[in-house]
Each structure stands twice: as C-alpha cells, then as structure tokens.
Amino acid sequence: MHTSSSLGISTMKPCRILFSFKSSSMFGTTSLPKAKYRRIGRFSKLEPSGRKIIGSVQVVGDLNKRCFSCSNLHRLYKGNSGRNRCLIANVASDFRNQSTSAEPRVKQKSFERIYIQGGFKVKPLVIESIETDLVKDEKKVSEVEELSGLKGSRVEREVSKIEKEAWNLLRDSVVNYCGRPVGTVAANDPSDTQPLNYDQVFVRDFVPSALAFLLNGEEEIVKNFLLHTLQLQSWEKTVDCYSPGQGLMPASFKVRSQPLDGSDGAFEEVLDPDFGESAIGRVAPVDSGLWWIILLRAYGKITGDYTLQERIDVQTGIRLILNLCLTNGFDMFPTLLVGDGSCMIDRRMGIHGHPLEIQALFYSALRCSREMLIVNDSTKNLVAALNNRLSALSFHIREYFWVDKNKLNEIYRYRTEEYSTDAVNKFNIYPEQIPGWLVDWIPEEGGYLIGNLQPAHMDFRFFTLGNLWSIVSSLGTPQQNEGILNLIEAKWDDLVANMPLKICFPAMEHEEWRVITGSDPKNTPWSYHNGGSWPTLLWQFTLACMKMGRPELARKAIAVAEKKLSADGWPEYYDMRSASLIGKQSRLFQTWTIAGFLTSKLLLENPEKASLLFWEEDYELLQGCVCVLGKANGNKCSRDRHRQHRKPNNLNH
C-alpha cells in the first residue's frame, strides 16, 4: 500500500494541498491507486514558555510508510511589549532536507518509489523571528532604499519614484499560502469588480515577478512557487472523462479557504489548480511546464543554490515534463504540435500547429534540462533523446522558419508539387501565400522567424515572444539573431511606437479576422492578441538585447514605457496600431507589466546576472547534427554555414 502525507500548521487556519493521484506521477509509480483523505487529528500544545502551537496532521494511505511534506509552522506568542510576534518555521524553504532523506525501497535502483526515513520523527525545526514592522524614510523621491527581501540577501540600490511604486505594487500582489509567499496574482486592480481568473497565480505570468525577486536577492517566494506547482503536477486532470498525459503543469492556481472537516467555524487553506479545464476553449497550457523548467534553471543560476534542482522529486518533475513533450507521435517534424490558444496567446488566433513561441520555449526548456538532469542508468535514454531533439529542432527552425529578402525571393520562385527527397520546396508552399504587406515591410538588413510552418502553409506574421526567445536560447544562428534585432530597430514605429512591444504584427482584419478568430470581440484588429502591445514583453526584449551586446536598444524601449506605465495605471496591454490607447478590456495594475518593467531595469543594472539567463551557441550540438541534408547534392547543414558568422557578445553599457 503506497503512502503520502502532509502536515499543515498555522495559528489561524490549518492548511494543505489537496492531492488526487491517478497514479504516482510525482515519483513515477504506475500502481498507486487514487488516494482518499483521512483526518488523523488536530492538536494544540502549550509549551512551558507560554507559546501555543496549533495545527493538524493528514495522512493518506498506509501508515507504515510515509512520504512527508509540509508547508509551514507558526508559533504565536506575546512578548514583553504585549505585541504579537510571528515565529515561522523553516519548513517550506527546507523541503530538500525533508524529501532527500528518502531512499528507494529494497532492490530498487531507481527512485520510482520514495519514502521518508523515520516518518514524522524528524529533527526539531529551526525557528526564526520575522519582524512585521518596516520603517522606511520616504522624504526623498529618489533615495537609497533597502529593499528587504521576502527571504534572502538584502540588496541596496538607488531607486526612482516609479520603481518604488512598482516594487510596492509587486509586493501587494504577493499571494501567501499558510503564511508563506507562493506567487503573485495576475492583476491587483482594486476597482475590478469581476476579476474572473485574474486573482489567480499563473505560471507564465509569475516568471517576470520571480526574476525581479531573484535579481533583488529574494529567493524564498520563487522556491516556494517551484515546489508547490511541482506538487500540483501530480493532480488527476480530467475533462469530460478524459485525462491528459502525466507531467502537465497547471496554467494557474488559487489559494482558497474552505471549512475544516468536523470543526465548527474553522477553515483551512487549499490550493486549487486549473489545468485548462476552466480556461476559455478548454486548452491545456503547453507552455506552463516549459516556463517552470526555465525558471528552475534561473533560480539555480542566480542564487547559486543547485540543491533544489538536484532533489529527487524535482528531477522526477523534469522527467515527466520531458516525457510528455518527447513522446513519439505521427508528426514528421521535430517541432511540438499543439492546439490554438495553448500559450500566452490563449484565444483562437490561428496559431495551431507548430507556433514559433512554443518551439522557442521548448528549445529553451530542453537546453535547461540538459544542464540540470542527473545522468544515470534511468535517465541516459532520455538525455540521448533530448540531445537528438535539440539538434533536429534547431536545424528545422533555422532552415525553414527564417525569412529575409533573399529567402523571400527564393519562396517567390518556388516550384510546387515536387515529389522527391531532394525537393527544394519541401512543404509545397505556394508563392501566392506571400502577403502583399511583407515585400515592402521587411528591411534589407534584417529578417525574422515566421510564426508557423505546416504543409502548404507559412504564417508570415511576426510574433515577438518567439523571436526574442529564439535569440535568448540561441535557437537562431548568431547572424539570424542579429537580423531579428535589426528588423525591430528598423520597424520601431510598427513594433514599439508608443509602448513596447507588439505581440504580433500585423493584425488580422476584415474577413481574415472573422474567419480565423471566429469574430472574437476581444481580439479585434490591433487589440489584445491581435496586434496589441504588451509591456510585459519588455524584459524579454531587454534580455535579448543584452545577449547581442545592444543594451542601448533596450534602454530606448524602457524609456518609452516609463513615460506612460505609471500614469496609465500599469495596464495589461495597449490598443491601436501605434499603441496609443489603453486596451479596451485591459486590466489595470497588471502584475507582469509591473514585474516586466522592474526586471528590465534590474537586468541592465546587473549584466553579469543577465548573462546567466541566456545561452550561447552550443557547438557540441552542431557537431552532433543528425540531419542528412545535402548528402546527395553536397550542401552543408545550415548550422555549419553560420558558425563562422558568430560575433562576440558585449555586455558593456
């Protein structure tokens, strides 16, 4: 009989995460039956010092074997001054000490089943005191402020009035679970009477918040977020009697209070995740797991704490996500095949198939996993598959997604209906697909990666996030990466204008909008996902510019944003071709708008830390190219052709 248990302790509300296992996806077991809850009991203890400890214990399954996890412990006591002080145990931030004391069952070499030695008989918890009264001198508009972390090293830096406002708003958006910070809400607009799901913690939305905290020396909230979302990965996900594959990460979660079983007036906190079953269109969040892996690597790089990614449960979580992404199917291409609305663009926008955004994040997550996975007998096949996919994916994107003046002329002269392994027009693209706006829009010195590629279809729209992450991850060649920034600079009035940056360009209009979006009233031309401008993309643009040694371009964009964001109430997005109006349905005080601005500032101030977040060209992957292009006609792989064009990066600014 398999086991899991949790301990949740609080001075106000007992707390827990509700788990329902279809199988033990957290630890890879396939024989674990669905768990039922059984309350063992609540307790209240009065110590000789007068401190009172209250809480509850929950155990699922066989009591002889226990998998231990807990969130936090509060001790409440009165000091000499009569003022209540809160003493919080290091439990959520000490998960490693709890979970990695586990060992496999007898005769098991892998970590398929894990149990904690000694169950609840663990060493006493180390208690730390946290003062809640912070004193700040706000007499000056610009001053040296001690930005004390939620937990972590203290960073002293000079901040402007708008930065101070942004930090206050970001901290106000923090969500606590059992007394510990676990994320930030999507938006914290006090005037919003119908928040819908904007009061939830979204995985993709939290990434810029996490980076802002990490760059400011505050790691606890990020560590808690990574661990709690990892636990949610084990939930049973079902929509209309069908369950997606193991490893799927939630799009978001919400902390809810619910009545405690068998208790009058007592409540407990629970995490309520959404895996897409409540989303518009019921689309699974493909990008959530990819962002989680990217953030996990960033946590280790910035903090220097690699023990988190080495934990058994975290290693298993990485493996589950990779297994889900690398599963063989009917597709002939190394790109991930996904449905419409499965990423930041979460409404119908004609991106189903192989959207660039997903491919760039997929490539980034594969490179992260390559660094973090512990290679042993149980992972060596996965690592080999990962390396092969990286090689094939980078070749595919560089060779077939890239468009510049020369490539456009080549497509214009394509022969069609070629039936041959040596075909030039491998996807049977008809030249008539080239849109009229593109010929005069694309600059002489520059280019970009198109939005999507499928048989007989090229989506020539420029999607900003996918192109920026292609730069950050080195999915594109160094020459292509430089060309993307050249295009953004040349087309500044189209892609930046009054607010960086357009999510895609151009917008779909008229009949095209009606057919592809289904007449979506939120995605009208030059609004929301259909050509709207999203300030949160600023931090990704900044990171891409710093990688390519062009921080002045990022500063220019930040200066544009800084003029309006605070005055406009930190909107989610802007409308119109010139981004001159606040989005018609835009939430104000959007957290990733605030965090994106702060992260951009921090990246520019910390170029050495920024360099930890991007990847250089991987020549080992180039040497291991698995493609057979050109064996018959003598052509070389495109990755080899661009190796000599690589330029040294310059982060001086």
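Leu501 sits in the loop between helix 14 and strand 21 (504-505), and a cis peptide bond with omega of about -10° joins Pro500 to Leu501. Helices (H or I, at least four residues) and strands (E, at least two) are DSSP runs numbered from the N terminus. The model is a predicted one, so local features need pLDDT of at least 70 and side-chain atom pairs count only at pLDDT 80 or more, while totals for chains, interfaces and linings use all residues. Residues are numbered from 1 along each chain as its sequence is written, and side-chain values use heavy atoms, with hydrogens and water left out.

A second cis peptide bond runs from Phe505 to Pro506, with omega near -5°. Pro506 belongs to the loop between strand 21 and helix 15 (510-517). On the other side of Leu501 comes helix 14 (residues 492-495), and Trp492 is part of that helix. Trp492 is buried, with a relative accessible area of 9%; buried means under 20% relative accessible area, exposed over 50%, and partly exposed in between (1.4 Å probe, protein chains only). Leaving aside residues up to four places away in sequence, Trp492 touches Ala497, Phe541, Leu553, Lys556 and Ala557, where contact means heavy atoms within 4.5 Å. Trp492 and Ala557 are 65 residues apart along the chain, yet their C-alpha atoms are separated by 9.5 Å.

Two residues with unusual-looking backbone angles come next. Tyr528, in the loop between helix 15 and helix 16 (538-547), has a positive phi of about 50° although it is not a glycine. Met576 is not a glycine either and has a positive phi of about 80°; Met576 lies in the loop between strand 22 (574-575) and strand 23 (581-582). As for accessibility, Tyr528 is buried at a relative accessible area of 5%, whereas Met576 is partly exposed at 41%.

Taken as a whole, the protein chain has 21 helices and 23 strands. Of its 653 residues, 57% count as buried. Among contacts between residues at least 6 apart in sequence, 70% join residues at least 24 apart.

On to the strands. Strands 13, 14 and 15 form an open sheet in the order 13-14-15, with antiparallel pairing. Strand 13 (201-202) and strand 15 (267-274) stand at the edges with a single partner strand each, so one side of each is left without a neighbour in the sheet. Two strands count as paired if DSSP finds at least two bridges between them. Strand 13 and strand 14 pair over two bridges, and Phe202 stands opposite Ser252 in strand 14. Strand 14 (residues 252-259) and strand 15 pair over eight bridges, again in the antiparallel sense. Facing pairs here include Lys254 with Asp272 in strand 15 and Arg256 with Val270, also in strand 15. In a regular strand the side chains alternate between the two faces of the sheet.

Strand 11 (residues 174-177) and strand 12 (residues 180-184) run antiparallel and are joined by four bridges. Val174 has Thr184 of strand 12 as its bridge partner, and Tyr177 stands opposite Arg180 in strand 12. This hairpin has two residues between the strands, and Cys178 takes a positive phi near 55° there. Five of the five residues of strand 12 are buried, so strand 12 is largely enclosed by the rest of the structure.

Among the helices, helix 18 (residues 591-605) has 15 residues and reaches 21 Å from its first C-alpha to its last, close to the 21 Å expected at 1.5 Å a residue; the expected span is 1.5 Å times one less than the number of residues. In helix 18, 14 of the 15 residues are buried, so this helix too is largely enclosed by the rest of the structure.

Helix 5 (residues 286-303) and helix 7 (residues 312-326) have axes that come within 10 Å and cross at roughly 140°. Axes are lines fitted to C-alpha atoms, for helices over the stretch in contact, and angles run from 0 to 180 degrees between N-to-C directions. That makes helix 5 oblique to helix 7: angles under 35 degrees count as roughly parallel, over 145 as roughly antiparallel, 65 to 115 as roughly perpendicular and the rest as oblique. Gly289, Leu290, Trp292, Ile293 and Leu296 of helix 5 make the contact with Val314, Ile318, Ile321 and Cys325 of helix 7.
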